[in-house]
Amino acid sequence: MSGVETLTIAPEDADTRLDRWFRKHYPALGHGRLEKLLRTGQVRVDGKRVKANHRLEAGQAIRVPPLGDLDSPPPPKTAPRPKADPKLEAMLRDAVLYRDDEVLAINKPAGLAVQGGTGTIVHVDALLDALTFEAKERPRLVHRLDKDTSGVLLLARTAAAARWLTAAFRAKDAEKLYWAITAGIPKPREGRIDLPIAKLPGRRGEKMDIDEEEGKRSITDFMVVEAVGKQAAFVAMRPVTGRTHQLRVHMQAIGTPIQGDGKYGGQAALLAGDGLSRKLHLHARQITLKRPNGKLLTITAPLPPHMAQSWAFFGFSEPLESPFEPLV
(Lines give C-alpha, C1' and ligand atoms only; values in the text may rest on other atoms or scores of the structure.)
Protein backbone atom coordinates (compact mmCIF):
# COMPACT_ATOMS: atom_id res chain seq x y z
CA MET A 1 0.00 0.00 0.00
CA SER A 2 1.41 3.34 -0.99
CA GLY A 3 2.07 5.74 1.85
CA VAL A 4 2.86 3.02 4.39
CA GLU A 5 5.76 3.97 6.67
CA THR A 6 8.03 1.70 8.70
CA LEU A 7 9.49 3.53 11.68
CA THR A 8 12.20 2.27 14.03
CA ILE A 9 11.84 2.61 17.79
CA ALA A 10 14.55 4.85 19.22
CA PRO A 11 16.36 3.90 22.46
CA GLU A 12 14.61 6.67 24.37
CA ASP A 13 11.21 5.14 23.49
CA ALA A 14 12.08 1.67 24.78
CA ASP A 15 9.55 0.22 27.27
CA THR A 16 6.91 2.75 26.14
CA ARG A 17 3.38 1.49 25.53
CA LEU A 18 2.40 1.51 21.87
CA ASP A 19 -0.59 3.83 22.42
CA ARG A 20 1.64 6.28 24.30
CA TRP A 21 4.18 6.15 21.47
CA PHE A 22 1.44 7.18 19.03
CA ARG A 23 0.27 9.88 21.42
CA LYS A 24 3.80 11.28 21.45
CA HIS A 25 4.51 11.09 17.71
CA TYR A 26 0.96 11.43 16.29
CA PRO A 27 -0.87 13.55 18.92
CA ALA A 28 -3.82 14.22 16.58
CA LEU A 29 -4.56 10.49 16.14
CA GLY A 30 -7.47 9.60 18.41
CA HIS A 31 -7.36 6.49 20.59
CA GLY A 32 -10.50 5.05 18.97
CA ARG A 33 -8.99 5.29 15.50
CA LEU A 34 -5.75 3.72 16.73
CA GLU A 35 -7.68 0.80 18.24
CA LYS A 36 -9.39 0.22 14.88
CA LEU A 37 -6.05 0.29 13.04
CA LEU A 38 -4.73 -2.28 15.51
CA ARG A 39 -7.81 -4.54 15.24
CA THR A 40 -7.59 -4.57 11.43
CA GLY A 41 -3.85 -5.22 11.45
CA GLN A 42 -2.97 -1.97 9.72
CA VAL A 43 -0.61 -1.06 12.56
CA ARG A 44 1.89 -3.81 13.36
CA VAL A 45 5.10 -4.19 15.35
CA ASP A 46 7.80 -6.29 13.71
CA GLY A 47 5.12 -7.59 11.36
CA LYS A 48 2.89 -8.87 14.16
CA ARG A 49 -0.53 -7.76 15.38
CA VAL A 50 -0.34 -6.24 18.84
CA LYS A 51 -2.55 -4.45 21.33
CA ALA A 52 -2.43 -0.83 22.43
CA ASN A 53 -0.71 -1.73 25.70
CA HIS A 54 2.17 -3.54 23.95
CA ARG A 55 5.54 -2.48 25.41
CA LEU A 56 8.02 -1.41 22.75
CA GLU A 57 11.70 -2.31 22.53
CA ALA A 58 14.47 -0.24 20.96
CA GLY A 59 14.98 -1.18 17.32
CA GLN A 60 11.51 -2.63 16.74
CA ALA A 61 9.81 -1.63 13.50
CA ILE A 62 6.31 -0.10 13.56
CA ARG A 63 4.14 -0.27 10.46
CA VAL A 64 2.16 2.96 10.14
CA PRO A 65 -0.52 3.06 7.41
CA PRO A 66 -1.55 6.23 5.55
CA LEU A 67 -3.23 8.57 8.03
CA GLY A 68 -4.50 11.26 5.69
CA ASP A 69 -3.55 14.68 7.01
CA LEU A 70 -1.66 12.97 9.85
CA ASP A 71 0.84 11.23 7.56
CA SER A 72 3.86 13.21 8.68
CA PRO A 73 4.33 13.28 12.44
CA PRO A 74 5.33 16.64 13.85
CA PRO A 75 8.92 16.82 15.06
CA PRO A 76 9.18 15.79 18.71
CA LYS A 77 9.30 18.64 21.17
CA THR A 78 12.73 18.81 22.72
CA ALA A 79 14.21 21.24 25.16
CA PRO A 80 16.76 23.59 23.64
CA ARG A 81 20.27 22.29 23.98
CA PRO A 82 22.33 24.13 26.56
CA LYS A 83 25.26 26.14 25.33
CA ALA A 84 28.17 23.80 24.78
CA ASP A 85 30.83 23.72 27.48
CA PRO A 86 34.26 23.50 25.77
CA LYS A 87 35.72 21.65 28.76
CA LEU A 88 32.99 19.00 28.67
CA GLU A 89 33.34 18.64 24.90
CA ALA A 90 37.09 18.18 25.25
CA MET A 91 36.51 15.62 28.01
CA LEU A 92 34.19 13.64 25.75
CA ARG A 93 36.67 13.72 22.84
CA ASP A 94 39.39 12.50 25.20
CA ALA A 95 37.09 9.60 26.14
CA VAL A 96 36.94 8.24 22.56
CA LEU A 97 38.05 4.60 22.49
CA TYR A 98 37.44 3.76 18.84
CA ARG A 99 36.34 5.45 15.63
CA ASP A 100 35.74 4.40 12.05
CA ASP A 101 33.35 5.53 9.30
CA GLU A 102 30.36 3.78 10.93
CA VAL A 103 30.98 3.40 14.65
CA LEU A 104 32.35 5.53 17.45
CA ALA A 105 32.86 4.33 21.02
CA ILE A 106 33.55 6.33 24.15
CA ASN A 107 34.50 5.37 27.69
CA LYS A 108 31.56 7.07 29.41
CA PRO A 109 32.59 8.57 32.75
CA ALA A 110 30.68 7.56 35.86
CA GLY A 111 28.25 10.30 36.88
CA LEU A 112 27.50 11.50 33.33
CA ALA A 113 23.97 10.71 32.13
CA VAL A 114 23.50 9.40 28.59
CA GLN A 115 20.27 11.31 28.01
CA GLY A 116 18.47 14.23 29.61
CA GLY A 117 15.59 14.09 32.05
CA THR A 118 14.03 16.08 34.83
CA GLY A 119 16.78 18.21 36.28
CA THR A 120 19.43 16.65 34.03
CA ILE A 121 20.94 19.25 31.73
CA VAL A 122 24.44 17.85 31.20
CA HIS A 123 24.41 14.54 29.36
CA VAL A 124 26.09 12.72 26.47
CA ASP A 125 23.26 13.40 24.03
CA ALA A 126 23.67 17.17 24.48
CA LEU A 127 27.40 16.91 23.76
CA LEU A 128 27.34 14.74 20.63
CA ASP A 129 28.14 17.62 18.29
CA ALA A 130 31.65 17.48 19.75
CA LEU A 131 32.01 13.95 18.36
CA THR A 132 31.06 14.68 14.75
CA PHE A 133 34.70 14.96 13.63
CA GLU A 134 34.78 14.84 9.81
CA ALA A 135 31.36 13.18 9.44
CA LYS A 136 28.37 15.03 7.96
CA GLU A 137 25.95 13.60 10.51
CA ARG A 138 25.75 13.97 14.26
CA PRO A 139 26.44 10.62 15.98
CA ARG A 140 23.39 8.75 17.27
CA LEU A 141 22.78 6.88 20.50
CA VAL A 142 21.95 3.20 19.98
CA HIS A 143 21.96 1.95 23.58
CA ARG A 144 22.28 3.33 27.10
CA LEU A 145 24.25 3.03 30.32
CA ASP A 146 23.10 4.10 33.76
CA LYS A 147 24.34 7.53 34.83
CA ASP A 148 26.61 6.06 37.51
CA THR A 149 27.90 3.20 35.34
CA SER A 150 31.11 3.83 33.41
CA GLY A 151 32.43 2.12 30.31
CA VAL A 152 31.87 1.36 26.65
CA LEU A 153 29.10 3.38 25.00
CA LEU A 154 28.67 2.79 21.26
CA LEU A 155 27.45 5.50 18.89
CA ALA A 156 26.38 5.22 15.27
CA ARG A 157 27.98 7.69 12.85
CA THR A 158 25.43 7.12 10.05
CA ALA A 159 21.75 6.24 9.77
CA ALA A 160 22.65 2.86 8.24
CA ALA A 161 24.99 2.07 11.12
CA ALA A 162 22.28 3.06 13.59
CA ARG A 163 19.95 0.49 12.01
CA TRP A 164 22.34 -2.46 12.22
CA LEU A 165 23.66 -1.54 15.66
CA THR A 166 20.12 -1.16 17.05
CA ALA A 167 19.15 -4.48 15.46
CA ALA A 168 22.22 -6.15 17.00
CA PHE A 169 21.31 -4.95 20.49
CA ARG A 170 17.67 -5.91 20.02
CA ALA A 171 18.55 -9.41 18.78
CA LYS A 172 21.05 -9.81 21.66
CA ASP A 173 23.85 -10.22 19.11
CA ALA A 174 26.01 -7.74 21.03
CA GLU A 175 27.89 -9.45 23.84
CA LYS A 176 28.47 -7.16 26.84
CA LEU A 177 30.98 -7.75 29.60
CA TYR A 178 30.75 -5.83 32.89
CA TRP A 179 33.17 -5.67 35.81
CA ALA A 180 32.08 -4.96 39.36
CA ILE A 181 33.16 -5.22 42.97
CA THR A 182 30.53 -6.79 45.22
CA ALA A 183 30.11 -6.50 48.96
CA GLY A 184 30.43 -10.16 49.93
CA ILE A 185 31.19 -13.21 47.80
CA PRO A 186 28.43 -14.57 45.50
CA LYS A 187 27.51 -18.20 46.22
CA PRO A 188 27.92 -20.15 44.08
CA ARG A 189 30.91 -18.36 42.59
CA GLU A 190 29.56 -18.65 39.07
CA GLY A 191 26.21 -19.23 37.51
CA ARG A 192 23.15 -17.69 35.92
CA ILE A 193 20.61 -15.45 37.63
CA ASP A 194 17.18 -15.81 36.04
CA LEU A 195 14.84 -13.50 37.96
CA PRO A 196 12.11 -11.27 36.46
CA ILE A 197 12.38 -7.52 37.01
CA ALA A 198 9.67 -4.85 37.07
CA LYS A 199 9.58 -1.15 37.84
CA LEU A 200 8.27 -0.31 41.28
CA PRO A 201 4.98 1.65 41.22
CA GLY A 202 4.87 5.33 42.04
CA ARG A 203 7.64 7.88 41.97
CA ARG A 204 10.60 6.01 43.36
CA GLY A 205 13.39 7.32 41.15
CA GLU A 206 13.01 4.62 38.51
CA LYS A 207 13.72 1.87 41.00
CA MET A 208 13.37 -1.73 39.88
CA ASP A 209 12.71 -4.91 41.84
CA ILE A 210 12.26 -8.65 41.46
CA ASP A 211 8.63 -9.36 40.59
CA GLU A 212 7.63 -12.96 39.86
CA GLU A 213 4.15 -11.96 38.65
CA GLU A 214 4.57 -8.73 36.68
CA GLY A 215 8.31 -8.68 35.94
CA LYS A 216 9.98 -9.27 32.58
CA ARG A 217 12.33 -12.20 32.33
CA SER A 218 15.87 -11.02 33.10
CA ILE A 219 19.02 -13.14 32.81
CA THR A 220 22.56 -12.44 33.99
CA ASP A 221 25.60 -14.72 33.80
CA PHE A 222 28.18 -14.04 36.52
CA MET A 223 31.56 -15.31 37.67
CA VAL A 224 33.80 -14.45 40.61
CA VAL A 225 37.23 -13.66 39.15
CA GLU A 226 38.95 -12.95 42.49
CA ALA A 227 37.87 -12.62 46.12
CA VAL A 228 39.22 -11.12 49.34
CA GLY A 229 38.22 -13.39 52.21
CA LYS A 230 34.49 -12.96 52.78
CA GLN A 231 34.61 -9.21 52.32
CA ALA A 232 34.58 -8.43 48.59
CA ALA A 233 34.79 -9.96 45.15
CA PHE A 234 35.78 -8.92 41.65
CA VAL A 235 32.83 -10.21 39.64
CA ALA A 236 32.49 -10.39 35.86
CA MET A 237 28.93 -10.23 34.55
CA ARG A 238 27.34 -10.82 31.18
CA PRO A 239 23.75 -9.60 30.82
CA VAL A 240 21.79 -11.84 28.45
CA THR A 241 18.82 -9.48 28.64
CA GLY A 242 19.00 -5.71 29.03
CA ARG A 243 16.56 -4.51 31.69
CA THR A 244 16.95 -1.22 33.52
CA HIS A 245 19.35 -1.62 36.49
CA GLN A 246 19.40 -5.38 35.82
CA LEU A 247 22.91 -6.12 37.13
CA ARG A 248 22.41 -4.02 40.23
CA VAL A 249 19.07 -5.66 41.06
CA HIS A 250 20.36 -9.19 40.38
CA MET A 251 23.49 -8.78 42.52
CA GLN A 252 21.39 -7.42 45.37
CA ALA A 253 18.90 -10.29 44.94
CA ILE A 254 21.60 -12.91 45.60
CA GLY A 255 22.84 -11.05 48.68
CA THR A 256 25.97 -9.40 47.28
CA PRO A 257 25.17 -5.82 46.22
CA ILE A 258 27.60 -3.87 44.08
CA GLN A 259 29.98 -1.65 46.02
CA GLY A 260 28.66 1.91 46.22
CA ASP A 261 25.11 0.97 45.20
CA GLY A 262 23.27 2.53 48.11
CA LYS A 263 20.10 2.72 46.01
CA TYR A 264 19.70 -1.06 46.00
CA GLY A 265 22.09 -2.33 48.66
CA GLY A 266 21.80 0.38 51.31
CA GLN A 267 24.57 0.39 53.92
CA ALA A 268 25.46 -3.21 53.06
CA ALA A 269 26.81 -1.94 49.72
CA LEU A 270 29.19 0.57 51.30
CA LEU A 271 32.37 -1.25 52.25
CA ALA A 272 34.69 0.89 54.34
CA GLY A 273 38.40 1.27 53.75
CA ASP A 274 41.02 3.99 53.48
CA GLY A 275 41.10 4.86 49.77
CA LEU A 276 38.02 2.76 48.92
CA SER A 277 35.54 4.88 46.96
CA ARG A 278 31.84 4.88 47.83
CA LYS A 279 30.88 5.49 44.17
CA LEU A 280 29.14 2.74 42.20
CA HIS A 281 31.65 0.07 41.14
CA LEU A 282 30.04 -1.08 37.89
CA HIS A 283 31.92 -0.77 34.60
CA ALA A 284 30.90 -1.74 31.07
CA ARG A 285 34.27 -3.30 30.30
CA GLN A 286 33.73 -4.63 26.79
CA ILE A 287 31.30 -4.98 23.90
CA THR A 288 31.74 -7.50 21.07
CA LEU A 289 29.45 -7.68 18.05
CA LYS A 290 29.43 -8.73 14.42
CA ARG A 291 29.36 -6.20 11.64
CA PRO A 292 27.03 -6.81 8.69
CA ASN A 293 30.09 -8.12 6.79
CA GLY A 294 30.62 -10.80 9.46
CA LYS A 295 33.75 -9.28 10.99
CA LEU A 296 33.93 -8.99 14.77
CA LEU A 297 34.22 -5.62 16.46
CA THR A 298 35.45 -5.64 20.07
CA ILE A 299 35.77 -2.46 22.14
CA THR A 300 37.38 -2.48 25.61
CA ALA A 301 37.36 0.36 28.15
CA PRO A 302 39.92 0.84 30.95
CA LEU A 303 38.65 1.21 34.49
CA PRO A 304 37.63 4.69 35.68
CA PRO A 305 39.88 6.26 38.34
CA HIS A 306 37.72 5.38 41.36
CA MET A 307 37.52 1.71 40.33
CA ALA A 308 41.21 1.50 39.43
CA GLN A 309 41.95 2.78 42.94
CA SER A 310 39.72 0.09 44.44
CA TRP A 311 41.33 -2.60 42.28
CA ALA A 312 44.69 -1.54 43.74
CA PHE A 313 43.22 -1.45 47.27
CA PHE A 314 42.11 -5.09 47.04
CA GLY A 315 45.02 -6.23 44.87
CA PHE A 316 42.78 -7.44 42.05
CA SER A 317 44.28 -8.15 38.61
CA GLU A 318 42.92 -6.83 35.31
CA PRO A 319 42.58 -9.87 32.99
CA LEU A 320 42.76 -9.16 29.28
CA GLU A 321 40.12 -11.72 28.25
CA SER A 322 36.53 -12.40 29.23
CA PRO A 323 36.07 -15.42 31.56
CA PHE A 324 32.94 -16.42 29.62
CA GLU A 325 32.72 -18.59 26.54
CA PRO A 326 32.04 -16.26 23.59
CA LEU A 327 28.45 -16.00 22.39
CA VAL A 328 29.15 -13.87 19.30
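The following exercises, with worked solutions, concern charge pairs and the nonpolar core of a predicted model.

Residues are numbered from 1 along each chain as its sequence is written, and side-chain values use heavy atoms, without hydrogens and water. Local features need pLDDT of at least 70, side-chain atom pairs count only at pLDDT 80 or more, and totals for chains, interfaces and linings use all residues.

**Exercise 1.** Determine why the salt bridge of Asp13 and Lys24 ties together separate parts of the sequence.

*Solution.* A salt bridge places a side-chain nitrogen of Lys or Arg within 4 Å of a carboxyl oxygen of Asp or Glu. For Asp13 and Lys24 the N to O distance is 2.7 Å. Asp13 lies in the loop between β1 (5-8) and α1, whereas Lys24 lies in helix α1, so the pair ties together parts that are 11 residues apart in sequence. Helices (H or I, at least four residues) and strands (E, at least two) are DSSP runs, numbered from the N terminus.

**Exercise 2.** State whether Arg238 and Glu175 are buried or exposed, and place their salt bridge.

*Solution.* The closest N and O atoms of Arg238 and Glu175 are 3.0 Å apart. Arg238 belongs to strand β13 and Glu175 to strand β8, so the pair ties together parts that are 63 residues apart in sequence. Both residues are buried (under 20% relative accessible area; exposed is over 50%, partly exposed in between; 1.4 Å probe, protein chains only). A network of salt bridges links Arg238 and Glu175 with Arg192 and Asp221.

**Exercise 3.** Identify the strand that gives the most to the largest nonpolar core.

*Solution.* Such a core is a set of buried Ala, Val, Leu, Ile, Met, Phe, Trp, Tyr and Cys residues joined through side-chain atoms within 4.5 Å. The largest has 29 residues, and Ile106, Leu153, Met237 and Leu282 have the most contacts inside it. Strand β13 gives the most to this core, with 3 residues.
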